[in-house]
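Got the viewer open? Let's take a short walk, one selection at a time.

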Amino acid sequence: MRKKIWIDGAWIDGSGEKMLYSINPATADVIAEIKEASFSDTERAIQAAKNSFYVTREWRDMDVQKRSDILLKIADKIEENLQEIAAIESMDNGKPLREAEADVDDAVHCFRYYAGLIRTPEGGVYQVNQNFGEMHSYEVREPVGVCAMITPWNFPFLMGIWKLAPALAAGNSIIFKPSSDTFLSAIKLFEIFEEVGLPKGTVNLLVGPGSTVGNKLAESKDVDMITFTGSTVVGQNIMRAAAANVKKIGLELGGKSPNIIFADVDIESAVEWAMLGIFFNQGEVCCAGSRIIIEKSIKDEFVKRLAERADRITLGNPLDNPDMGPLISKQHMQEVLSYIETGKKEGAALVCGGYRYMEGDCKKGYFVRPTVFDHCSSQMRIVKEEIFGPVVTIQTFETEKEAVALANDTVYGLAGAVFTNDMSKALRVIREIRAGITWINCYNPAFSEAPWGGYKMSGIGRELGVHGLEEYQEVKQININLNPGGPGWYHN
(Lines give C-alpha, C1' and ligand atoms only; values in the text may rest on other atoms or scores of the structure.)
Protein backbone atom coordinates (compact mmCIF):
# COMPACT_ATOMS: atom_id res chain seq x y z
CA MET A 1 0.00 0.00 0.00
CA ARG A 2 1.62 3.24 -1.17
CA LYS A 3 0.99 6.39 0.91
CA LYS A 4 1.65 10.07 0.24
CA ILE A 5 2.45 13.24 2.14
CA TRP A 6 0.16 16.32 2.25
CA ILE A 7 1.47 19.75 1.29
CA ASP A 8 -0.51 22.90 0.51
CA GLY A 9 -3.80 21.08 0.13
CA ALA A 10 -2.59 18.20 -2.09
CA TRP A 11 -1.42 14.60 -1.67
CA ILE A 12 1.98 14.13 -3.30
CA ASP A 13 4.85 11.67 -3.30
CA GLY A 14 7.85 12.71 -1.27
CA SER A 15 10.90 13.56 -3.37
CA GLY A 16 13.46 12.01 -1.03
CA GLU A 17 15.74 9.15 -2.01
CA LYS A 18 14.49 6.43 0.32
CA MET A 19 11.29 4.47 0.71
CA LEU A 20 10.03 4.25 4.29
CA TYR A 21 8.02 1.29 5.52
CA SER A 22 5.35 0.76 8.11
CA ILE A 23 6.18 -2.62 9.66
CA ASN A 24 3.80 -4.56 11.88
CA PRO A 25 6.01 -5.25 14.94
CA ALA A 26 3.97 -8.33 15.84
CA THR A 27 4.74 -10.11 12.57
CA ALA A 28 7.59 -8.13 10.95
CA ASP A 29 5.38 -7.78 7.85
CA VAL A 30 5.33 -4.59 5.78
CA ILE A 31 1.94 -2.86 6.00
CA ALA A 32 2.56 0.20 3.83
CA GLU A 33 5.28 2.26 2.21
CA ILE A 34 5.87 5.94 1.60
CA LYS A 35 8.55 7.94 -0.21
CA GLU A 36 10.36 10.07 2.34
CA ALA A 37 10.03 13.84 2.27
CA SER A 38 13.12 15.72 1.15
CA PHE A 39 14.71 19.01 2.13
CA SER A 40 12.85 20.69 -0.74
CA ASP A 41 9.53 19.13 0.32
CA THR A 42 10.11 20.51 3.80
CA GLU A 43 10.79 23.99 2.45
CA ARG A 44 7.65 23.80 0.33
CA ALA A 45 5.56 22.82 3.37
CA ILE A 46 7.04 25.69 5.39
CA GLN A 47 6.22 28.18 2.66
CA ALA A 48 2.68 26.78 2.33
CA ALA A 49 2.11 27.24 6.05
CA LYS A 50 3.70 30.69 5.97
CA ASN A 51 1.49 31.78 3.08
CA SER A 52 -1.55 30.37 4.84
CA PHE A 53 -0.83 32.30 8.01
CA TYR A 54 0.60 35.59 6.77
CA VAL A 55 -1.02 36.05 3.33
CA THR A 56 -4.32 34.24 2.82
CA ARG A 57 -5.04 34.22 6.59
CA GLU A 58 -8.27 32.23 6.19
CA TRP A 59 -7.85 30.01 9.27
CA ARG A 60 -6.09 32.65 11.36
CA ASP A 61 -8.82 35.28 10.79
CA MET A 62 -11.77 32.89 10.87
CA ASP A 63 -14.49 33.73 13.40
CA VAL A 64 -13.70 31.78 16.54
CA GLN A 65 -17.17 30.22 16.62
CA LYS A 66 -16.75 28.89 13.08
CA ARG A 67 -13.27 27.61 13.87
CA SER A 68 -14.66 25.85 16.93
CA ASP A 69 -17.41 24.26 14.83
CA ILE A 70 -14.81 22.84 12.43
CA LEU A 71 -12.83 21.36 15.34
CA LEU A 72 -16.04 19.70 16.53
CA LYS A 73 -16.55 18.25 13.05
CA ILE A 74 -13.03 16.83 13.19
CA ALA A 75 -13.84 15.24 16.55
CA ASP A 76 -17.04 13.76 15.13
CA LYS A 77 -15.17 12.30 12.14
CA ILE A 78 -12.51 10.77 14.38
CA GLU A 79 -15.25 9.23 16.50
CA GLU A 80 -17.00 7.84 13.40
CA ASN A 81 -13.73 6.22 12.34
CA LEU A 82 -12.60 5.15 15.81
CA GLN A 83 -12.42 1.42 15.13
CA GLU A 84 -10.54 1.86 11.85
CA ILE A 85 -8.03 4.31 13.34
CA ALA A 86 -7.50 2.09 16.40
CA ALA A 87 -6.85 -0.96 14.22
CA ILE A 88 -4.37 1.01 12.11
CA GLU A 89 -2.63 2.22 15.28
CA SER A 90 -2.51 -1.24 16.79
CA MET A 91 -0.93 -2.81 13.70
CA ASP A 92 1.45 0.09 13.07
CA ASN A 93 2.62 0.52 16.67
CA GLY A 94 2.04 -2.83 18.37
CA LYS A 95 -0.13 -1.68 21.27
CA PRO A 96 -3.11 -3.87 22.23
CA LEU A 97 -6.29 -2.86 20.41
CA ARG A 98 -8.11 -1.76 23.59
CA GLU A 99 -5.27 0.68 24.34
CA ALA A 100 -5.40 2.05 20.79
CA GLU A 101 -9.17 2.48 21.13
CA ALA A 102 -8.66 4.40 24.37
CA ASP A 103 -6.09 6.64 22.64
CA VAL A 104 -8.48 7.50 19.82
CA ASP A 105 -11.31 8.12 22.28
CA ASP A 106 -9.03 10.50 24.23
CA ALA A 107 -8.22 12.26 20.95
CA VAL A 108 -11.92 12.87 20.31
CA HIS A 109 -12.29 14.42 23.75
CA CYS A 110 -9.17 16.55 23.25
CA PHE A 111 -10.53 18.16 20.09
CA ARG A 112 -13.89 18.80 21.77
CA TYR A 113 -12.19 20.27 24.82
CA TYR A 114 -10.24 22.84 22.80
CA ALA A 115 -13.23 23.57 20.57
CA GLY A 116 -15.03 24.61 23.74
CA LEU A 117 -12.09 26.36 25.37
CA ILE A 118 -11.61 28.87 22.55
CA ARG A 119 -15.24 29.98 22.91
CA THR A 120 -14.59 31.29 26.41
CA PRO A 121 -13.46 34.86 27.20
CA GLU A 122 -9.74 35.43 27.52
CA GLY A 123 -7.31 38.14 28.51
CA GLY A 124 -7.57 40.95 31.04
CA VAL A 125 -8.56 44.61 31.01
CA TYR A 126 -6.85 47.11 33.29
CA GLN A 127 -7.75 50.73 34.12
CA VAL A 128 -4.54 52.43 35.20
CA ASN A 129 -3.45 55.92 36.18
CA GLN A 130 0.24 56.57 35.74
CA ASN A 131 2.49 59.52 34.95
CA PHE A 132 1.13 59.56 31.42
CA GLY A 133 -2.44 60.11 32.59
CA GLU A 134 -5.45 57.81 32.46
CA MET A 135 -4.78 54.76 30.34
CA HIS A 136 -6.89 51.82 29.25
CA SER A 137 -4.68 48.72 29.06
CA TYR A 138 -5.73 45.30 27.91
CA GLU A 139 -4.26 42.07 26.62
CA VAL A 140 -5.13 39.86 23.68
CA ARG A 141 -3.95 36.40 22.74
CA GLU A 142 -2.84 35.81 19.17
CA PRO A 143 -1.62 32.66 17.37
CA VAL A 144 2.13 32.16 17.30
CA GLY A 145 2.24 31.68 13.52
CA VAL A 146 3.87 28.80 11.66
CA CYS A 147 4.17 25.85 14.05
CA ALA A 148 6.25 22.75 13.34
CA MET A 149 5.38 19.58 15.24
CA ILE A 150 7.43 16.39 15.63
CA THR A 151 5.79 13.45 17.37
CA PRO A 152 7.00 10.03 18.60
CA TRP A 153 6.11 6.45 17.74
CA ASN A 154 4.80 5.31 21.12
CA PHE A 155 1.46 7.18 20.99
CA PRO A 156 1.36 8.21 17.32
CA PHE A 157 -2.25 9.36 17.07
CA LEU A 158 -2.82 10.76 20.56
CA MET A 159 0.47 12.68 20.82
CA GLY A 160 -0.33 14.28 17.47
CA ILE A 161 -3.75 15.38 18.68
CA TRP A 162 -2.27 16.82 21.89
CA LYS A 163 -0.38 19.27 19.68
CA LEU A 164 -2.69 19.72 16.71
CA ALA A 165 -5.93 20.39 18.60
CA PRO A 166 -4.72 23.38 20.67
CA ALA A 167 -2.55 24.75 17.85
CA LEU A 168 -5.47 24.71 15.42
CA ALA A 169 -7.81 26.10 18.06
CA ALA A 170 -5.45 29.05 18.52
CA GLY A 171 -5.43 29.77 14.76
CA ASN A 172 -1.93 28.66 13.77
CA SER A 173 -0.72 27.10 10.53
CA ILE A 174 1.10 23.80 10.90
CA ILE A 175 3.76 21.48 9.53
CA PHE A 176 3.35 18.07 11.14
CA LYS A 177 6.01 15.33 11.16
CA PRO A 178 5.09 11.98 12.73
CA SER A 179 7.67 9.30 13.41
CA SER A 180 8.84 7.51 10.29
CA ASP A 181 8.05 4.24 12.08
CA THR A 182 4.37 5.06 12.66
CA PHE A 183 2.84 7.36 10.06
CA LEU A 184 -0.38 5.57 9.11
CA SER A 185 -2.76 7.07 11.68
CA ALA A 186 -1.45 10.56 10.86
CA ILE A 187 -2.32 10.02 7.20
CA LYS A 188 -5.84 8.97 8.22
CA LEU A 189 -6.14 12.11 10.35
CA PHE A 190 -5.09 14.32 7.46
CA GLU A 191 -7.69 12.64 5.28
CA ILE A 192 -10.21 13.83 7.88
CA PHE A 193 -8.72 17.35 7.74
CA GLU A 194 -9.22 17.27 3.98
CA GLU A 195 -12.78 16.03 4.36
CA VAL A 196 -13.83 18.81 6.76
CA GLY A 197 -12.25 21.41 4.50
CA LEU A 198 -9.38 22.94 6.44
CA PRO A 199 -8.10 25.87 4.33
CA LYS A 200 -5.26 25.18 1.92
CA GLY A 201 -1.85 25.31 3.59
CA THR A 202 -3.23 25.36 7.14
CA VAL A 203 -1.97 21.84 7.84
CA ASN A 204 0.88 20.07 6.08
CA LEU A 205 2.13 16.51 6.61
CA LEU A 206 5.74 15.41 6.14
CA VAL A 207 7.13 11.90 6.68
CA GLY A 208 10.90 11.71 6.74
CA PRO A 209 14.05 11.52 8.85
CA GLY A 210 14.96 14.00 11.53
CA SER A 211 18.32 14.58 9.88
CA THR A 212 16.63 16.33 6.96
CA VAL A 213 13.02 17.17 7.76
CA GLY A 214 13.43 17.70 11.51
CA ASN A 215 16.61 19.76 11.26
CA LYS A 216 15.14 21.97 8.56
CA LEU A 217 12.03 22.66 10.63
CA ALA A 218 14.12 23.51 13.68
CA GLU A 219 16.55 25.76 11.82
CA SER A 220 14.13 27.58 9.51
CA LYS A 221 13.65 31.28 10.21
CA ASP A 222 10.19 30.96 8.65
CA VAL A 223 9.05 28.61 11.42
CA ASP A 224 7.82 30.57 14.45
CA MET A 225 7.55 27.65 16.86
CA ILE A 226 8.66 24.04 17.08
CA THR A 227 7.29 21.46 19.46
CA PHE A 228 8.77 18.00 19.93
CA THR A 229 7.98 14.89 21.95
CA GLY A 230 10.72 12.31 22.15
CA SER A 231 14.21 11.69 23.49
CA THR A 232 16.14 14.26 25.51
CA VAL A 233 19.13 14.06 23.16
CA VAL A 234 17.03 15.01 20.14
CA GLY A 235 15.31 17.71 22.19
CA GLN A 236 18.68 19.26 22.99
CA ASN A 237 19.56 19.30 19.28
CA ILE A 238 16.26 21.00 18.49
CA MET A 239 16.95 23.66 21.12
CA ARG A 240 20.31 24.43 19.54
CA ALA A 241 18.86 24.62 16.04
CA ALA A 242 15.90 26.73 17.17
CA ALA A 243 18.27 29.40 18.46
CA ALA A 244 18.74 30.55 14.84
CA ASN A 245 15.67 32.76 15.11
CA VAL A 246 14.96 32.33 18.84
CA LYS A 247 11.75 30.54 17.93
CA LYS A 248 9.34 29.45 20.60
CA ILE A 249 9.86 25.81 21.63
CA GLY A 250 7.91 23.14 23.45
CA LEU A 251 9.67 19.94 24.52
CA GLU A 252 8.23 16.85 26.18
CA LEU A 253 11.23 14.61 26.66
CA GLY A 254 12.46 11.56 28.53
CA GLY A 255 11.74 10.29 31.99
CA LYS A 256 12.89 7.85 34.65
CA SER A 257 9.98 8.26 36.98
CA PRO A 258 9.85 7.15 40.62
CA ASN A 259 6.98 5.16 42.08
CA ILE A 260 7.28 5.46 45.88
CA ILE A 261 5.43 2.80 47.90
CA PHE A 262 5.11 3.03 51.68
CA ALA A 263 4.54 0.04 53.97
CA ASP A 264 0.99 1.02 55.00
CA VAL A 265 -0.54 0.35 51.56
CA ASP A 266 -2.65 -2.56 50.39
CA ILE A 267 0.08 -4.52 48.62
CA GLU A 268 -2.17 -6.12 46.00
CA SER A 269 -3.56 -2.74 44.96
CA ALA A 270 -0.07 -1.24 44.81
CA VAL A 271 1.12 -4.16 42.65
CA GLU A 272 -1.80 -3.64 40.25
CA TRP A 273 -0.99 0.07 39.83
CA ALA A 274 2.73 -0.59 39.57
CA MET A 275 2.09 -3.00 36.71
CA LEU A 276 0.03 -0.40 34.88
CA GLY A 277 2.79 2.11 35.56
CA ILE A 278 5.50 0.06 33.84
CA PHE A 279 3.87 -2.52 31.54
CA PHE A 280 1.18 -0.34 29.94
CA ASN A 281 1.97 0.22 26.25
CA GLN A 282 4.86 -2.29 26.61
CA GLY A 283 6.66 0.19 28.88
CA GLU A 284 7.16 2.47 25.88
CA VAL A 285 5.85 5.42 27.85
CA CYS A 286 7.76 8.59 28.72
CA CYS A 287 6.16 8.77 32.18
CA ALA A 288 6.48 5.04 32.94
CA GLY A 289 6.97 4.18 36.60
CA SER A 290 10.26 2.49 35.83
CA ARG A 291 11.81 2.98 39.29
CA ILE A 292 9.89 1.37 42.14
CA ILE A 293 11.15 2.80 45.43
CA ILE A 294 9.58 0.76 48.21
CA GLU A 295 9.75 0.70 52.01
CA LYS A 296 12.13 -2.08 53.00
CA SER A 297 9.76 -3.92 55.36
CA ILE A 298 7.34 -4.90 52.56
CA LYS A 299 9.77 -5.17 49.66
CA ASP A 300 10.12 -8.95 49.56
CA GLU A 301 6.39 -9.60 49.61
CA PHE A 302 5.76 -6.88 47.02
CA VAL A 303 8.44 -8.17 44.63
CA LYS A 304 7.15 -11.74 44.97
CA ARG A 305 3.62 -10.70 44.03
CA LEU A 306 4.81 -8.37 41.25
CA ALA A 307 6.88 -11.15 39.68
CA GLU A 308 4.00 -13.62 39.91
CA ARG A 309 1.69 -11.16 38.17
CA ALA A 310 4.31 -10.22 35.56
CA ASP A 311 4.88 -13.88 34.71
CA ARG A 312 1.15 -14.26 33.98
CA ILE A 313 1.07 -11.37 31.49
CA THR A 314 0.04 -12.60 28.05
CA LEU A 315 1.88 -11.51 24.89
CA GLY A 316 0.51 -11.79 21.39
CA ASN A 317 -0.95 -10.14 18.32
CA PRO A 318 -2.17 -6.73 19.50
CA LEU A 319 -5.42 -7.06 17.51
CA ASP A 320 -6.28 -10.03 19.76
CA ASN A 321 -6.00 -7.83 22.88
CA PRO A 322 -3.25 -9.61 24.84
CA ASP A 323 -1.98 -8.00 28.04
CA MET A 324 1.05 -6.69 26.12
CA GLY A 325 2.06 -6.35 22.49
CA PRO A 326 5.46 -6.21 20.81
CA LEU A 327 8.01 -3.43 21.02
CA ILE A 328 8.05 -0.98 18.14
CA SER A 329 10.96 -2.39 16.11
CA LYS A 330 13.72 -4.94 16.00
CA GLN A 331 16.29 -2.23 16.72
CA HIS A 332 14.45 -1.01 19.79
CA MET A 333 13.91 -4.57 21.03
CA GLN A 334 17.66 -5.13 20.80
CA GLU A 335 18.31 -1.93 22.75
CA VAL A 336 15.97 -3.04 25.54
CA LEU A 337 17.56 -6.50 25.64
CA SER A 338 20.98 -4.85 25.78
CA TYR A 339 19.91 -2.89 28.86
CA ILE A 340 18.72 -6.12 30.46
CA GLU A 341 22.15 -7.68 29.91
CA THR A 342 23.74 -4.53 31.36
CA GLY A 343 21.57 -4.85 34.46
CA LYS A 344 22.78 -8.41 35.01
CA LYS A 345 26.42 -7.36 34.63
CA GLU A 346 25.91 -4.48 37.05
CA GLY A 347 24.82 -6.92 39.74
CA ALA A 348 21.08 -6.37 39.80
CA ALA A 349 19.03 -9.50 40.54
CA LEU A 350 16.82 -10.55 37.63
CA VAL A 351 13.57 -11.68 39.24
CA CYS A 352 11.51 -12.45 36.14
CA GLY A 353 11.41 -11.96 32.38
CA GLY A 354 14.43 -10.53 30.67
CA TYR A 355 14.33 -12.26 27.33
CA ARG A 356 12.83 -12.16 23.85
CA TYR A 357 9.57 -14.09 23.68
CA MET A 358 9.16 -16.19 20.50
CA GLU A 359 6.49 -18.76 21.27
CA GLY A 360 3.51 -19.45 19.04
CA ASP A 361 2.35 -16.47 16.99
CA CYS A 362 5.08 -14.30 18.57
CA LYS A 363 7.91 -16.08 16.74
CA LYS A 364 8.57 -13.30 14.22
CA GLY A 365 7.60 -10.31 16.34
CA TYR A 366 9.57 -8.04 18.66
CA PHE A 367 8.27 -9.29 22.02
CA VAL A 368 10.10 -8.99 25.35
CA ARG A 369 8.82 -10.60 28.54
CA PRO A 370 8.01 -8.19 31.41
CA THR A 371 11.21 -7.77 33.41
CA VAL A 372 11.77 -7.03 37.10
CA PHE A 373 15.19 -6.26 38.61
CA ASP A 374 15.70 -6.33 42.40
CA HIS A 375 18.65 -5.14 44.53
CA CYS A 376 19.27 -2.06 42.39
CA SER A 377 21.30 1.05 43.19
CA SER A 378 21.17 4.57 41.82
CA GLN A 379 24.59 4.12 40.18
CA MET A 380 23.35 1.41 37.81
CA ARG A 381 22.61 2.35 34.19
CA ILE A 382 19.30 0.49 34.35
CA VAL A 383 18.28 2.86 37.14
CA LYS A 384 19.70 6.06 35.65
CA GLU A 385 18.90 5.74 31.95
CA GLU A 386 15.56 5.59 30.17
CA ILE A 387 15.09 2.06 28.82
CA PHE A 388 11.65 2.67 27.29
CA GLY A 389 10.50 -0.89 27.60
CA PRO A 390 8.88 -3.34 30.05
CA VAL A 391 11.75 -3.20 32.56
CA VAL A 392 11.37 -2.03 36.16
CA THR A 393 13.96 -1.65 38.93
CA ILE A 394 13.45 -2.05 42.68
CA GLN A 395 15.12 0.11 45.33
CA THR A 396 14.35 0.27 49.04
CA PHE A 397 14.17 2.96 51.71
CA GLU A 398 13.62 3.12 55.46
CA THR A 399 12.78 6.79 56.00
CA GLU A 400 10.62 9.33 54.21
CA LYS A 401 13.66 11.55 53.65
CA GLU A 402 15.53 8.67 52.02
CA ALA A 403 12.57 7.93 49.74
CA VAL A 404 12.47 11.53 48.50
CA ALA A 405 16.24 11.59 47.95
CA LEU A 406 16.09 8.41 45.85
CA ALA A 407 13.13 9.73 43.86
CA ASN A 408 14.93 12.96 42.97
CA ASP A 409 18.26 11.30 42.21
CA THR A 410 17.76 11.63 38.44
CA VAL A 411 18.36 14.16 35.68
CA TYR A 412 14.72 13.73 34.67
CA GLY A 413 11.57 15.18 36.20
CA LEU A 414 8.59 14.12 34.17
CA ALA A 415 6.40 12.10 36.54
CA GLY A 416 6.17 10.29 39.84
CA ALA A 417 3.76 8.67 42.27
CA VAL A 418 3.30 8.04 45.98
CA PHE A 419 1.34 5.16 47.49
CA THR A 420 0.32 5.44 51.15
CA ASN A 421 -2.85 5.43 53.27
CA ASP A 422 -1.57 8.50 55.14
CA MET A 423 -2.81 11.41 53.02
CA SER A 424 -0.76 13.97 54.95
CA LYS A 425 2.37 11.98 54.18
CA ALA A 426 1.30 11.55 50.56
CA LEU A 427 0.84 15.28 50.02
CA ARG A 428 4.05 16.09 51.88
CA VAL A 429 6.12 13.69 49.77
CA ILE A 430 4.47 14.53 46.46
CA ARG A 431 5.33 18.19 46.99
CA GLU A 432 8.99 17.20 47.37
CA ILE A 433 9.16 15.21 44.14
CA ARG A 434 10.72 17.32 41.38
CA ALA A 435 8.37 16.31 38.59
CA GLY A 436 5.58 17.89 36.59
CA ILE A 437 3.04 15.05 36.58
CA THR A 438 2.31 13.24 39.83
CA TRP A 439 -0.21 10.77 41.21
CA ILE A 440 -1.25 9.63 44.66
CA ASN A 441 -2.40 6.02 45.01
CA CYS A 442 -2.64 5.53 41.25
CA TYR A 443 -0.41 5.70 38.18
CA ASN A 444 -0.76 6.91 34.56
CA PRO A 445 -4.16 8.68 34.25
CA ALA A 446 -4.02 11.75 31.96
CA PHE A 447 -6.76 14.23 31.15
CA SER A 448 -7.21 16.81 28.39
CA GLU A 449 -8.13 19.36 31.05
CA ALA A 450 -4.91 19.01 33.09
CA PRO A 451 -1.39 20.18 32.11
CA TRP A 452 1.24 17.64 31.04
CA GLY A 453 5.00 18.24 31.08
CA GLY A 454 8.15 17.92 33.12
CA TYR A 455 10.94 19.51 35.14
CA LYS A 456 14.67 19.40 34.53
CA MET A 457 15.76 17.38 31.46
CA SER A 458 12.23 16.15 30.86
CA GLY A 459 11.30 19.21 28.89
CA ILE A 460 10.05 22.76 28.54
CA GLY A 461 6.44 23.92 28.53
CA ARG A 462 3.14 22.11 29.03
CA GLU A 463 0.65 20.29 26.87
CA LEU A 464 -3.08 19.89 27.53
CA GLY A 465 -5.34 22.05 29.65
CA VAL A 466 -5.42 25.82 29.42
CA HIS A 467 -1.62 25.79 29.48
CA GLY A 468 -1.62 23.65 26.33
CA LEU A 469 -3.55 26.32 24.44
CA GLU A 470 -1.33 29.10 25.77
CA GLU A 471 1.74 27.31 24.37
CA TYR A 472 0.43 28.12 20.87
CA GLN A 473 -0.44 31.73 21.62
CA GLU A 474 1.42 35.00 22.04
CA VAL A 475 0.21 37.59 24.55
CA LYS A 476 -0.01 41.15 23.29
CA GLN A 477 -0.47 44.20 25.50
CA ILE A 478 -2.50 47.09 24.02
CA ASN A 479 -2.55 50.50 25.72
CA ILE A 480 -4.99 53.30 24.87
CA ASN A 481 -4.59 56.90 26.02
CA LEU A 482 -8.03 58.06 27.15
CA ASN A 483 -7.01 61.72 27.33
CA PRO A 484 -6.19 63.70 24.18
CA GLY A 485 -2.96 65.62 23.98
CA GLY A 486 0.64 64.85 24.72
CA PRO A 487 2.15 63.71 28.00
CA GLY A 488 3.46 67.16 28.85
CA TRP A 489 6.84 65.96 30.03
CA TYR A 490 8.92 68.37 28.00
CA HIS A 491 8.72 72.14 28.33
CA ASN A 492 11.15 73.49 25.71
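Start with strands E4 and E5: they pair in the antiparallel sense over 6 bridges. Keep in mind that this is a predicted model. For a single pair to click on, take Asn 24, which stands opposite Asp 29 in E5. Then look at the hairpin itself: 4 residues lie between the two strands, and Ala 28 takes a positive phi near 70°.

Now show side chains along E4. They alternate: Leu 20, Ser 22 and Asn 24 point to one face and are buried, whereas Met 19, Tyr 21 and Ile 23 point to the other and are not. Stop at Tyr 21, which is partly exposed, with a relative accessible area of 41%. Add Ile 23 and Val 30 to the selection, and you have a nonpolar patch on the surface; together with Tyr 21 they have about 260 Å² of accessible area.

Next, zoom out to the sheet. It's an open one with 3 strands in the order E1-E5-E4, and the pairing is mixed. Strand E1 (2–3) and strand E4 (19–24) are the edges, each pairing on one side only. Select E1 together with E5 (residues 29–35): these run parallel, joined by 2 bridges. Here Arg 2 stands opposite Glu 33 in E5.

Last, bring in the helices. Helix H3 (residues 82–93) packs on the sheet and touches E4 and E5, its direction making about 100° with that of E4. Helix H6 (residues 184–196) packs on the sheet too, touching E1, E4 and E5, with its direction at about 55° to that of E5.

Key
Residues are numbered from 1 along each chain as its sequence is written. This is a predicted model: local features need pLDDT of at least 70, side-chain atom pairs count only at pLDDT 80 or more; totals for chains, interfaces and linings use all residues. Side-chain values use heavy atoms; hydrogens and water are left out. Two strands pair if DSSP finds at least two bridges between them. Contact means heavy atoms within 4.5 Å. Axes are lines fitted to C-alpha atoms, for helices over the stretch in contact, and angles run from 0 to 180 degrees between N-to-C directions. Patches are made of residues with over 30% relative accessible area and no salt bridge: like charges are joined within 9 Å, nonpolar side chains (Val, Leu, Ile, Met, Phe, Trp, Tyr) within 5 Å. Accessible areas come from the Shrake-Rupley method with a 1.4 Å probe; for residues, only the protein chains shown count as cover. A salt bridge is a side-chain nitrogen of Lys or Arg within 4 Å of a carboxyl oxygen of Asp or Glu. Buried means under 20% relative accessible area, exposed over 50%, partly exposed in between (1.4 Å probe, protein chains only).
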